[in-house]
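Biologist: I am new to reading models. Please walk me through one.

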Amino acid sequence: MIDVMEPALLVKIGGSLKEAGELLDEIGGYPGPLVLVHGGGPRIGEWLNRMGFETHFYQGLRITPPEQMEVVEMVLTTLGKQLAEGLSRRGRPSVALTGRDTGLLEARPLDPILGRVGEVTRINTPVLEKLLQAGLTPLIAPIGLDAQGPLNINADTAAGAIAGALHLPAVFLTDVVGVLRDPKDPSSRFAELSASQVQALILDGTISGGMIPKVEAALNALSKGAPWATIARGSPGILQAVLEGTAGTRVAGS
Ligand SMILES: Nc1ncnc2c1ncn2[C@@H]1O[C@H](COP(=O)(O)OP(=O)(O)OP(=O)(O)O)[C@@H](O)[C@H]1O
Ligand SMILES: [Mg+2]
């Protein structure tokens, strides 16, 4: 039996998080089982830039022509290996995977206008369950596969789909304390938001940019079977605080 205060969690690690060491301490020290999904936006942007590519976003998603997909995959794969090393060194043996491993994430392209950007269609959940049973932490880079090859999936979207498929609570760790009424004022955090409140806040522009796929991923996780979903800032003690309901924004289903 899993202790109620040490439940298995799906944790999405935001690529925008700066204090990587501190965050790895926090995640490495969590006493219960974890499935991890990581982003990598800033580092992907840096490398595309260095390689001389221009990047464009469409509704918060990075347009990914096939020749840029190779860079996206290289950056995410290396980042995953580095995070797995950091966690393994902290006593949480972790295995970095992408959608290519065991056909973990099957996907389909979202819209031809976005290039090789996809959404998850099928998840190889048994392999994740086997890793957990073996005491290993799966750390997933959001790269899906279709018949043509790899697809770039927004990390929040992938995390929501995986949490739903595994029926795990979803914790989205990012660089803000939660969904804010005024994005410049950390004290304006919503402790809880319903699906209809989320829709209204997107429509009136309060929720924008990278927060849109995040709240949508939280709602999708809930509709697919996650018991709860919270958006919070990655900081020391955050997982316990989220479990106690004292931090972050909990997104409620209907
Ligand atoms: N109402 C809001 N409340 C809080 N943050 C908001 C809001 N609207 C937009 N944001 C933005 O959303 C950002 C978080 O999403 P972002 O995609 O940048 O980070 P991430 O998902 O943690 O990282 P990555 O996409 O690399 O995995 C915040 O830094 C903030 O600028
Ligand atoms: Mg994001």
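Modeller: We take a helix, a core and a ligand shell in turn. This is a predicted model: local features need pLDDT of at least 70, side-chain atom pairs count only at pLDDT 80 or more, and totals for chains, interfaces and linings use all residues. Residues are numbered from 1 along each chain as its sequence is written, and chains are lettered from A and ligands numbered from 1 in the order in which they are written.

Biologist: Which residues of helix α1 are buried?

Modeller: Helices are DSSP runs of H or I, at least four residues, and strands are runs of E, at least two, numbered from the N terminus. A residue is buried if 20 or more other C-beta atoms, placed from the backbone, lie within 10 Å of its own, exposed if 12 or fewer, and partly exposed in between. In α1 (residues 20–28), the buried ones are Leu23, Leu24, Glu26 and Ile27. Seen down the axis of α1, they fall within an arc of 160 degrees (taken from the directions from the axis to the C-beta atoms), so they line one face of the helix.

Biologist: Why would one face arise?

Modeller: An α-helix has 3.6 residues a turn, so residues three or four places apart point the same way.

Biologist: Where is Ser235?

Modeller: Ser235 sits in the loop between β13 (229–233) and α8 (238–244). It is partly exposed, with 16 other C-beta atoms within 10 Å. Its C-alpha atom is 7.3 Å from that of Glu26, 209 residues apart along the chain.

Biologist: Which residues come nearest to ligand 1?

Modeller: A residue counts as near if its C-beta atom, placed from the backbone, lies within 6 Å. Of the 20 residues around ligand 1, Gly14, Gly15, Gly39, Gly41 and Gly210 come nearest. Helices α5 (155–166) and α7 (211–224) each supply at least two residues of the shell.
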